[in-house]
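Biologist: Hey, I'm new to this one. Could you pull it up and walk me through a few spots?

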Amino acid sequence: MAPETEKRAWLPKVQRTDGPLYLSIAEVIAEDIRSGVLTPGQRLPPQRALAKALGVDFTTVSRAYAAAARQNLVEGRVGQGTYVKPRISEGGGRAAPDRTVDMSMNMPPRFDDPRLVQQMWGSFHHLGLEKGDSFLMRYQRPGGSAEDRDAARGWLEAQFGLEGAAQVVLCNGVQGALLSILSLLAKPGDTLCCEAITFPGFLAVAKYLGLNLVPVEMDAEGLRPDALEAVCETHGPKALYTIPTLHNPTTATLGPERRQRIAEIARKHGLTVLEDDAYGALAADAPPPLAHYAPERTWHICTTSKCLAPSLRVCFVTPPQGASNEGLKRAIRANGGVVSPISAGLVTTWQSSGLAAQITSAILVETRARQAAFAEAVPGIPLRDGAFHVWMPLPEGQSATDLAFALRGSGLGILPGQAFACGAPVNAVRIALGSPDRLGDLRRELRGLVEALQNPGEAAWMAV
(Lines give C-alpha, C1' and ligand atoms only; values in the text may rest on other atoms or scores of the structure.)
Protein backbone atom coordinates (compact mmCIF):
# COMPACT_ATOMS: atom_id res chain seq x y z
CA MET A 1 0.00 0.00 0.00
CA ALA A 2 1.27 3.48 -0.83
CA PRO A 3 2.41 5.69 2.06
CA GLU A 4 -0.16 8.11 3.45
CA THR A 5 1.52 11.09 1.82
CA GLU A 6 1.23 9.49 -1.65
CA LYS A 7 -2.36 8.25 -1.53
CA ARG A 8 -3.75 11.13 -3.54
CA ALA A 9 -2.34 11.69 -7.01
CA TRP A 10 -1.81 15.40 -7.62
CA LEU A 11 -1.66 17.09 -10.99
CA PRO A 12 -1.52 20.89 -11.23
CA LYS A 13 -4.27 22.55 -13.25
CA VAL A 14 -2.02 24.98 -15.06
CA GLN A 15 -3.49 27.92 -16.94
CA ARG A 16 -1.39 28.78 -19.99
CA THR A 17 -0.47 32.48 -19.81
CA ASP A 18 1.90 34.83 -21.55
CA GLY A 19 4.40 34.45 -18.72
CA PRO A 20 6.87 31.63 -18.09
CA LEU A 21 5.14 28.27 -17.64
CA TYR A 22 7.26 27.28 -14.66
CA LEU A 23 5.94 30.30 -12.74
CA SER A 24 2.37 29.19 -13.48
CA ILE A 25 3.17 25.75 -12.05
CA ALA A 26 4.75 27.32 -8.95
CA GLU A 27 1.66 29.50 -8.48
CA VAL A 28 -0.59 26.42 -8.63
CA ILE A 29 1.56 24.70 -5.99
CA ALA A 30 1.23 27.75 -3.73
CA GLU A 31 -2.54 28.00 -4.27
CA ASP A 32 -3.13 24.28 -3.70
CA ILE A 33 -1.18 24.45 -0.44
CA ARG A 34 -3.22 27.46 0.71
CA SER A 35 -6.51 25.75 -0.17
CA GLY A 36 -5.56 22.42 1.39
CA VAL A 37 -5.42 20.43 -1.86
CA LEU A 38 -1.77 19.79 -1.02
CA THR A 39 -1.20 18.96 2.63
CA PRO A 40 1.92 19.19 4.86
CA GLY A 41 4.19 16.21 4.28
CA GLN A 42 2.60 15.26 0.97
CA ARG A 43 5.01 14.15 -1.72
CA LEU A 44 4.85 15.91 -5.06
CA PRO A 45 5.14 13.85 -8.25
CA PRO A 46 8.69 13.14 -9.42
CA GLN A 47 9.86 15.91 -11.70
CA ARG A 48 10.21 13.74 -14.81
CA ALA A 49 6.83 12.11 -14.22
CA LEU A 50 5.12 15.50 -13.84
CA ALA A 51 6.90 16.84 -16.92
CA LYS A 52 5.60 13.87 -18.94
CA ALA A 53 2.05 14.24 -17.55
CA LEU A 54 1.97 17.97 -18.42
CA GLY A 55 3.69 17.56 -21.76
CA VAL A 56 6.54 19.92 -20.87
CA ASP A 57 10.28 19.54 -20.58
CA PHE A 58 12.01 18.47 -17.38
CA THR A 59 13.69 21.87 -16.87
CA THR A 60 10.31 23.62 -16.63
CA VAL A 61 9.18 21.42 -13.74
CA SER A 62 12.60 21.60 -12.08
CA ARG A 63 12.47 25.41 -12.10
CA ALA A 64 8.88 25.35 -10.79
CA TYR A 65 9.87 23.16 -7.84
CA ALA A 66 12.89 25.39 -7.18
CA ALA A 67 10.66 28.47 -7.17
CA ALA A 68 8.27 26.79 -4.71
CA ALA A 69 11.22 25.83 -2.50
CA ARG A 70 12.45 29.42 -2.53
CA GLN A 71 9.01 30.44 -1.23
CA ASN A 72 9.47 27.98 1.64
CA LEU A 73 6.54 25.90 0.40
CA VAL A 74 8.29 22.63 -0.42
CA GLU A 75 11.56 20.88 0.38
CA GLY A 76 13.67 18.37 -1.50
CA ARG A 77 14.81 15.28 0.38
CA VAL A 78 17.84 13.51 -1.04
CA GLY A 79 16.85 10.22 -2.61
CA GLN A 80 13.19 10.66 -1.61
CA GLY A 81 11.69 13.45 -3.70
CA THR A 82 9.99 16.78 -3.08
CA TYR A 83 7.54 17.26 -0.21
CA VAL A 84 5.18 19.96 1.01
CA LYS A 85 6.82 21.54 4.03
CA PRO A 86 5.11 21.07 7.41
CA ARG A 87 3.77 24.13 9.16
CA ILE A 88 5.93 23.38 12.19
CA SER A 89 9.40 21.96 11.90
CA GLU A 90 9.99 18.44 13.24
CA GLY A 91 12.38 19.86 15.78
CA GLY A 92 9.61 21.92 17.36
CA GLY A 93 10.68 25.15 15.67
CA ARG A 94 8.51 28.11 14.83
CA ALA A 95 5.42 27.78 12.70
CA ALA A 96 5.85 28.65 9.06
CA PRO A 97 4.44 32.03 8.04
CA ASP A 98 0.65 32.04 8.08
CA ARG A 99 -0.19 32.02 4.39
CA THR A 100 -3.77 32.99 5.10
CA VAL A 101 -2.36 36.44 5.95
CA ASP A 102 -1.38 38.68 3.07
CA MET A 103 2.23 39.48 3.89
CA SER A 104 2.14 42.40 1.47
CA MET A 105 -0.18 44.26 3.87
CA ASN A 106 1.49 46.91 5.98
CA MET A 107 0.70 45.68 9.48
CA PRO A 108 1.87 47.13 12.79
CA PRO A 109 4.41 44.82 14.43
CA ARG A 110 3.35 42.47 17.19
CA PHE A 111 4.82 43.55 20.50
CA ASP A 112 6.08 41.22 23.22
CA ASP A 113 4.07 42.40 26.23
CA PRO A 114 1.87 39.59 27.59
CA ARG A 115 0.40 41.83 30.29
CA LEU A 116 -0.79 44.39 27.75
CA VAL A 117 -2.16 41.69 25.45
CA GLN A 118 -4.07 40.23 28.39
CA GLN A 119 -5.57 43.66 29.08
CA MET A 120 -6.61 43.97 25.45
CA TRP A 121 -8.41 40.63 25.55
CA GLY A 122 -9.86 41.46 28.96
CA SER A 123 -11.58 44.44 27.39
CA PHE A 124 -13.95 42.07 25.61
CA HIS A 125 -15.17 40.81 28.97
CA HIS A 126 -15.49 44.36 30.28
CA LEU A 127 -17.49 45.34 27.19
CA GLY A 128 -19.85 42.40 27.70
CA LEU A 129 -20.45 43.27 31.35
CA GLU A 130 -21.13 46.89 30.48
CA LYS A 131 -23.38 46.36 27.45
CA GLY A 132 -25.19 43.10 28.17
CA ASP A 133 -26.61 40.59 25.71
CA SER A 134 -28.80 43.16 23.95
CA PHE A 135 -25.59 44.69 22.55
CA LEU A 136 -24.98 41.47 20.61
CA MET A 137 -28.51 41.23 19.25
CA ARG A 138 -28.89 44.66 17.66
CA TYR A 139 -27.57 46.34 14.54
CA GLN A 140 -25.67 49.60 14.87
CA ARG A 141 -26.63 52.78 13.05
CA PRO A 142 -24.35 53.84 10.19
CA GLY A 143 -21.65 56.15 11.46
CA GLY A 144 -21.43 54.70 14.96
CA SER A 145 -23.17 55.31 18.27
CA ALA A 146 -23.11 58.69 20.01
CA GLU A 147 -20.77 57.25 22.64
CA ASP A 148 -18.32 55.94 20.04
CA ARG A 149 -18.35 59.21 18.10
CA ASP A 150 -17.74 61.19 21.30
CA ALA A 151 -14.73 58.99 22.08
CA ALA A 152 -13.48 59.42 18.51
CA ARG A 153 -13.72 63.23 18.77
CA GLY A 154 -11.71 63.25 21.98
CA TRP A 155 -9.08 60.97 20.45
CA LEU A 156 -8.78 63.08 17.29
CA GLU A 157 -8.35 66.23 19.37
CA ALA A 158 -5.67 64.60 21.52
CA GLN A 159 -3.77 62.94 18.65
CA PHE A 160 -4.10 65.51 15.86
CA GLY A 161 -5.29 68.73 17.47
CA LEU A 162 -8.49 68.58 15.40
CA GLU A 163 -10.96 70.76 17.25
CA GLY A 164 -14.69 70.60 16.91
CA ALA A 165 -14.89 67.43 14.81
CA ALA A 166 -18.61 67.41 15.56
CA GLN A 167 -19.60 65.47 12.45
CA VAL A 168 -17.11 62.59 12.80
CA VAL A 169 -18.44 59.18 11.80
CA LEU A 170 -17.10 55.66 12.09
CA CYS A 171 -16.49 53.59 8.98
CA ASN A 172 -15.21 50.11 8.17
CA GLY A 173 -11.55 50.75 7.28
CA VAL A 174 -9.88 53.30 5.02
CA GLN A 175 -11.01 51.61 1.81
CA GLY A 176 -14.57 51.53 3.07
CA ALA A 177 -14.29 55.22 3.88
CA LEU A 178 -12.82 56.05 0.47
CA LEU A 179 -15.53 54.11 -1.32
CA SER A 180 -18.27 55.91 0.63
CA ILE A 181 -16.76 59.40 0.24
CA LEU A 182 -15.96 59.05 -3.45
CA SER A 183 -19.41 57.67 -4.21
CA LEU A 184 -20.69 61.02 -2.86
CA LEU A 185 -18.15 63.30 -4.52
CA ALA A 186 -17.52 61.79 -7.92
CA LYS A 187 -19.15 59.99 -10.79
CA PRO A 188 -17.60 57.70 -13.43
CA GLY A 189 -15.30 59.65 -15.72
CA ASP A 190 -14.48 62.37 -13.19
CA THR A 191 -10.82 63.28 -12.70
CA LEU A 192 -8.99 63.09 -9.38
CA CYS A 193 -5.32 63.48 -8.59
CA CYS A 194 -2.98 61.81 -6.12
CA GLU A 195 0.71 61.32 -5.45
CA ALA A 196 2.50 59.58 -8.33
CA ILE A 197 3.21 56.75 -5.88
CA THR A 198 0.28 55.97 -3.62
CA PHE A 199 -1.79 53.52 -1.57
CA PRO A 200 -2.91 50.56 -3.75
CA GLY A 201 -6.27 50.51 -1.97
CA PHE A 202 -7.06 53.97 -3.31
CA LEU A 203 -6.04 52.92 -6.81
CA ALA A 204 -8.40 49.94 -6.55
CA VAL A 205 -11.35 52.05 -5.36
CA ALA A 206 -10.79 54.65 -8.10
CA LYS A 207 -10.66 51.94 -10.75
CA TYR A 208 -13.81 50.30 -9.37
CA LEU A 209 -15.68 53.62 -9.54
CA GLY A 210 -14.43 54.41 -13.05
CA LEU A 211 -12.49 57.53 -12.05
CA ASN A 212 -9.61 59.06 -13.99
CA LEU A 213 -6.44 59.58 -11.96
CA VAL A 214 -3.71 62.12 -12.67
CA PRO A 215 -0.39 61.64 -10.84
CA VAL A 216 1.25 64.52 -8.98
CA GLU A 217 5.02 64.40 -8.84
CA MET A 218 6.80 63.98 -5.50
CA ASP A 219 10.20 64.63 -3.99
CA ALA A 220 11.86 63.61 -0.73
CA GLU A 221 9.35 65.66 1.29
CA GLY A 222 6.34 64.25 -0.53
CA LEU A 223 3.80 65.86 -2.85
CA ARG A 224 5.18 68.92 -4.66
CA PRO A 225 2.88 71.97 -4.51
CA ASP A 226 4.16 73.30 -7.85
CA ALA A 227 3.29 69.98 -9.49
CA LEU A 228 -0.16 70.06 -7.89
CA GLU A 229 -0.73 73.59 -9.20
CA ALA A 230 0.23 72.47 -12.70
CA VAL A 231 -2.13 69.47 -12.55
CA CYS A 232 -4.98 71.71 -11.38
CA GLU A 233 -4.42 74.15 -14.22
CA THR A 234 -4.06 71.46 -16.86
CA HIS A 235 -6.57 68.79 -15.82
CA GLY A 236 -9.00 70.51 -13.43
CA PRO A 237 -9.32 67.57 -10.99
CA LYS A 238 -12.30 67.45 -8.67
CA ALA A 239 -10.36 66.17 -5.66
CA LEU A 240 -6.91 65.35 -4.32
CA TYR A 241 -6.16 62.15 -2.41
CA THR A 242 -3.00 62.43 -0.34
CA ILE A 243 -1.10 60.79 2.53
CA PRO A 244 0.81 63.71 4.06
CA THR A 245 2.32 61.93 7.09
CA LEU A 246 4.57 58.85 6.86
CA HIS A 247 3.41 58.47 3.29
CA ASN A 248 2.63 54.96 2.11
CA PRO A 249 4.92 53.72 0.65
CA THR A 250 7.74 56.32 0.72
CA THR A 251 7.41 57.41 4.43
CA ALA A 252 7.77 61.09 3.32
CA THR A 253 6.14 63.66 5.60
CA LEU A 254 5.04 67.09 4.37
CA GLY A 255 6.35 70.06 6.34
CA PRO A 256 4.03 72.82 7.61
CA GLU A 257 4.95 75.29 4.84
CA ARG A 258 4.14 72.78 2.15
CA ARG A 259 0.86 71.85 3.83
CA GLN A 260 -0.12 75.52 3.95
CA ARG A 261 0.70 75.89 0.27
CA ILE A 262 -1.38 72.84 -0.68
CA ALA A 263 -4.30 74.30 1.28
CA GLU A 264 -3.97 77.56 -0.67
CA ILE A 265 -3.93 75.71 -4.00
CA ALA A 266 -7.00 73.71 -2.99
CA ARG A 267 -8.92 76.92 -2.22
CA LYS A 268 -7.77 78.61 -5.41
CA HIS A 269 -8.89 75.73 -7.66
CA GLY A 270 -11.94 74.55 -5.72
CA LEU A 271 -10.20 71.27 -4.94
CA THR A 272 -11.61 68.87 -2.34
CA VAL A 273 -8.91 67.16 -0.28
CA LEU A 274 -9.13 63.56 0.91
CA GLU A 275 -6.50 63.31 3.63
CA ASP A 276 -5.51 59.75 4.54
CA ASP A 277 -3.95 60.14 7.98
CA ALA A 278 -3.45 56.44 8.68
CA TYR A 279 0.00 56.89 10.22
CA GLY A 280 -0.39 60.30 11.85
CA ALA A 281 -0.84 58.92 15.36
CA LEU A 282 2.58 57.23 15.07
CA ALA A 283 4.51 60.35 14.07
CA ALA A 284 5.20 62.41 17.19
CA ASP A 285 6.78 65.34 15.34
CA ALA A 286 4.35 65.59 12.42
CA PRO A 287 2.79 68.99 11.67
CA PRO A 288 -0.98 69.40 12.09
CA PRO A 289 -3.02 67.59 9.44
CA LEU A 290 -4.15 69.27 6.24
CA ALA A 291 -7.61 69.48 7.82
CA HIS A 292 -6.08 72.10 10.13
CA TYR A 293 -4.95 74.27 7.19
CA ALA A 294 -8.03 73.82 5.00
CA PRO A 295 -10.82 72.61 7.32
CA GLU A 296 -13.60 73.72 4.96
CA ARG A 297 -12.21 71.61 2.07
CA THR A 298 -10.76 68.50 3.73
CA TRP A 299 -12.15 65.07 4.50
CA HIS A 300 -9.92 63.75 7.28
CA ILE A 301 -9.66 59.94 7.27
CA CYS A 302 -7.97 58.25 10.20
CA THR A 303 -7.86 54.51 10.79
CA THR A 304 -6.99 52.79 14.06
CA SER A 305 -5.64 49.78 12.13
CA LYS A 306 -2.05 51.07 12.14
CA CYS A 307 -1.85 52.41 15.69
CA LEU A 308 -4.12 49.96 17.58
CA ALA A 309 -5.24 46.75 15.87
CA PRO A 310 -5.81 45.92 12.18
CA SER A 311 -8.46 43.30 12.92
CA LEU A 312 -10.92 45.87 14.31
CA ARG A 313 -11.24 47.81 11.01
CA VAL A 314 -12.35 51.03 12.73
CA CYS A 315 -11.84 54.26 10.81
CA PHE A 316 -12.81 57.82 11.79
CA VAL A 317 -13.99 60.18 9.03
CA THR A 318 -14.41 63.89 9.64
CA PRO A 319 -16.23 65.76 6.83
CA PRO A 320 -15.20 69.31 5.86
CA GLN A 321 -16.09 71.98 8.39
CA GLY A 322 -19.71 73.05 8.02
CA ALA A 323 -20.71 69.96 6.01
CA SER A 324 -23.34 67.49 7.14
CA ASN A 325 -22.46 63.85 7.68
CA GLU A 326 -25.89 62.58 6.64
CA GLY A 327 -24.91 61.88 3.04
CA LEU A 328 -21.83 60.03 4.23
CA LYS A 329 -23.87 57.88 6.61
CA ARG A 330 -26.25 56.96 3.79
CA ALA A 331 -23.28 56.03 1.61
CA ILE A 332 -21.80 53.94 4.42
CA ARG A 333 -25.07 52.04 4.73
CA ALA A 334 -25.32 51.52 0.96
CA ASN A 335 -21.70 50.39 0.62
CA GLY A 336 -21.79 48.02 3.56
CA GLY A 337 -19.28 50.11 5.46
CA VAL A 338 -21.00 49.99 8.86
CA VAL A 339 -18.52 49.19 11.63
CA SER A 340 -19.21 46.20 13.85
CA PRO A 341 -20.47 47.57 17.18
CA ILE A 342 -18.15 45.14 18.96
CA SER A 343 -15.11 46.61 17.19
CA ALA A 344 -16.31 50.17 17.76
CA GLY A 345 -17.13 49.49 21.40
CA LEU A 346 -13.73 47.92 21.98
CA VAL A 347 -11.90 50.93 20.52
CA THR A 348 -14.02 53.24 22.67
CA THR A 349 -13.16 51.17 25.76
CA TRP A 350 -9.46 51.33 24.95
CA GLN A 351 -9.59 55.07 24.37
CA SER A 352 -11.55 55.89 27.53
CA SER A 353 -9.41 53.65 29.75
CA GLY A 354 -6.06 54.89 28.45
CA LEU A 355 -5.25 51.46 27.03
CA ALA A 356 -5.17 52.85 23.48
CA ALA A 357 -2.21 55.07 24.36
CA GLN A 358 -0.38 52.07 25.85
CA ILE A 359 -0.98 50.00 22.72
CA THR A 360 0.29 52.75 20.43
CA SER A 361 3.34 53.19 22.63
CA ALA A 362 4.09 49.45 22.52
CA ILE A 363 3.77 49.45 18.73
CA LEU A 364 6.24 52.34 18.51
CA VAL A 365 8.75 50.62 20.79
CA GLU A 366 8.62 47.47 18.69
CA THR A 367 8.79 49.52 15.49
CA ARG A 368 12.03 51.17 16.61
CA ALA A 369 13.53 47.79 17.46
CA ARG A 370 12.63 46.49 14.02
CA GLN A 371 14.01 49.59 12.35
CA ALA A 372 17.29 49.00 14.20
CA ALA A 373 17.38 45.40 12.96
CA PHE A 374 16.77 46.56 9.40
CA ALA A 375 19.42 49.29 9.61
CA GLU A 376 21.93 46.72 10.83
CA ALA A 377 21.14 44.30 8.00
CA VAL A 378 20.66 46.86 5.21
CA PRO A 379 22.52 50.06 6.12
CA GLY A 380 22.11 53.33 4.28
CA ILE A 381 18.33 53.25 3.71
CA PRO A 382 16.49 56.29 5.20
CA LEU A 383 14.13 55.38 8.05
CA ARG A 384 11.54 57.65 9.66
CA ASP A 385 10.53 57.43 13.29
CA GLY A 386 7.15 55.76 13.65
CA ALA A 387 7.16 54.06 10.23
CA PHE A 388 7.07 50.27 10.22
CA HIS A 389 7.48 50.22 6.46
CA VAL A 390 10.62 50.96 4.45
CA TRP A 391 10.86 52.27 0.89
CA MET A 392 13.97 50.89 -0.77
CA PRO A 393 14.96 52.00 -4.30
CA LEU A 394 16.91 49.32 -6.16
CA PRO A 395 20.04 49.81 -8.24
CA GLU A 396 19.95 49.67 -12.00
CA GLY A 397 19.93 46.11 -13.23
CA GLN A 398 18.00 44.72 -10.27
CA SER A 399 14.26 44.29 -10.75
CA ALA A 400 11.82 45.09 -7.94
CA THR A 401 9.37 42.51 -9.30
CA ASP A 402 12.07 39.82 -9.45
CA LEU A 403 13.15 40.56 -5.88
CA ALA A 404 9.60 40.52 -4.54
CA PHE A 405 8.83 37.21 -6.21
CA ALA A 406 12.12 35.63 -5.16
CA LEU A 407 11.28 36.42 -1.52
CA ARG A 408 7.59 35.62 -1.76
CA GLY A 409 6.49 33.35 1.05
CA SER A 410 9.53 34.20 3.16
CA GLY A 411 7.46 36.01 5.79
CA LEU A 412 8.97 39.38 4.90
CA GLY A 413 6.28 41.63 3.46
CA ILE A 414 7.70 42.94 0.19
CA LEU A 415 5.70 44.69 -2.53
CA PRO A 416 7.23 46.02 -5.77
CA GLY A 417 6.93 49.66 -6.71
CA GLN A 418 4.55 49.02 -9.59
CA ALA A 419 1.81 48.15 -7.08
CA PHE A 420 1.87 51.77 -5.89
CA ALA A 421 2.29 53.50 -9.24
CA CYS A 422 -0.33 55.95 -10.44
CA GLY A 423 2.19 57.22 -12.97
CA ALA A 424 5.29 55.46 -14.27
CA PRO A 425 6.44 52.40 -12.24
CA VAL A 426 9.32 52.94 -9.85
CA ASN A 427 12.09 50.37 -9.40
CA ALA A 428 11.76 50.11 -5.64
CA VAL A 429 10.16 47.87 -3.05
CA ARG A 430 8.19 48.54 0.11
CA ILE A 431 9.23 46.32 2.98
CA ALA A 432 6.67 45.85 5.75
CA LEU A 433 8.70 45.31 8.91
CA GLY A 434 5.59 44.31 10.85
CA SER A 435 4.87 41.20 8.77
CA PRO A 436 7.16 38.72 10.58
CA ASP A 437 5.66 37.62 13.88
CA ARG A 438 8.59 38.47 16.12
CA LEU A 439 11.80 40.48 16.04
CA GLY A 440 13.86 37.30 15.79
CA ASP A 441 11.81 36.22 12.78
CA LEU A 442 12.46 39.58 11.12
CA ARG A 443 16.22 39.22 11.60
CA ARG A 444 16.09 35.77 10.03
CA GLU A 445 14.07 37.00 7.05
CA LEU A 446 16.38 39.99 6.58
CA ARG A 447 19.26 37.58 6.04
CA GLY A 448 17.36 36.21 3.06
CA LEU A 449 16.80 39.74 1.77
CA VAL A 450 20.50 40.54 2.02
CA GLU A 451 21.36 37.34 0.19
CA ALA A 452 18.92 38.17 -2.61
CA LEU A 453 20.31 41.73 -2.86
CA GLN A 454 23.86 40.40 -3.07
CA ASN A 455 22.91 37.84 -5.72
CA PRO A 456 20.56 39.71 -8.06
CA GLY A 457 21.23 37.26 -10.90
CA GLU A 458 19.83 34.40 -8.85
CA ALA A 459 16.74 36.41 -7.89
CA ALA A 460 16.16 37.30 -11.53
CA TRP A 461 16.52 33.66 -12.59
CA MET A 462 13.91 32.66 -10.04
CA ALA A 463 11.36 35.26 -11.08
CA VAL A 464 11.71 35.85 -14.83
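Modeller: Sure, we'll go through a few strands, helices and loops, keeping in mind that this is a predicted model.

Biologist: Let's start with β8. Which residues are buried on its two faces?
Modeller: A239 and Y241 are buried on one side, and L240 and T242 are buried on the other, so both faces of β8 are covered. In a regular strand, side chains alternate between the two faces of the sheet.

Biologist: And which way does β8 pair with β4, parallel or antiparallel?
Modeller: Parallel, over three bridges. In that pairing, C194 stands opposite Y241 of β8.

Biologist: How many bridges link β8 and β9?
Modeller: Four, and that pairing is parallel too. There, T242 stands opposite E275 in β9. The chain gets from β8 to β9 through α9, in a right-handed β-α-β crossover.

Biologist: Okay, helix α8 next. Which of its residues are buried?
Modeller: P225, A227, L228, E229, V231 and C232. Among the elements covering them are β4, β5, β7, β8 and α9.

Biologist: What comes after α8?
Modeller: G236, which has a positive phi, near 55°.

Biologist: Switching topic: where does F199 sit?
Modeller: In the loop between β4 and α7.

Biologist: Is that side chain buried or exposed, and why?
Modeller: F199 counts as buried because its relative accessible area is 19%, and the cut-off for buried is under 20%.

Biologist: What does F199 touch?
Modeller: Leaving out residues up to four places away in sequence, F199 touches V174, Q175, L178, Y241, I243, N248 and D276. Y241 is one of the buried β8 residues from before. Also, F199 and A419 are 220 residues apart in sequence, yet 8.5 Å apart in space, C-alpha to C-alpha.

Biologist: Got another loop residue?
Modeller: S305, in the loop between β10 and β11. S305 is buried, at 6% relative accessibility. Setting aside residues up to four places away in sequence, its contacts are P108, P310, R313 and V314.

Biologist: Last one: at what angle do α12 and α13 pack?
Modeller: About 90°, with their axes 4 Å apart, which means α12 is roughly perpendicular to α13.

Biologist: Which residues meet there?
Modeller: W350, Q351 and S353 from α12 meet L355, A356 and I359 from α13. By class, the contact has four nonpolar residues, two polar and no charged.

Definitions and conventions
Residues are numbered from 1 along each chain as its sequence is written. This is a predicted model: local features need pLDDT of at least 70, side-chain atom pairs count only at pLDDT 80 or more; totals for chains, interfaces and linings use all residues. Side-chain values use heavy atoms; hydrogens and water are left out. Buried means under 20% relative accessible area, exposed over 50%, partly exposed in between (1.4 Å probe, protein chains only). Contact means heavy atoms within 4.5 Å. Axes are lines fitted to C-alpha atoms, for helices over the stretch in contact, and angles run from 0 to 180 degrees between N-to-C directions. Angles under 35 degrees count as roughly parallel, over 145 as roughly antiparallel, 65 to 115 as roughly perpendicular and the rest as oblique. Ala, Val, Leu, Ile, Met, Phe, Trp, Tyr, Cys and Pro count as nonpolar, Asp, Glu, Lys and Arg as charged, and the others, Gly among them, as polar. Two strands pair if DSSP finds at least two bridges between them. A crossover is right-handed if, with the strands pointing away from the viewer, the path from the first strand over the helix to the second runs clockwise.
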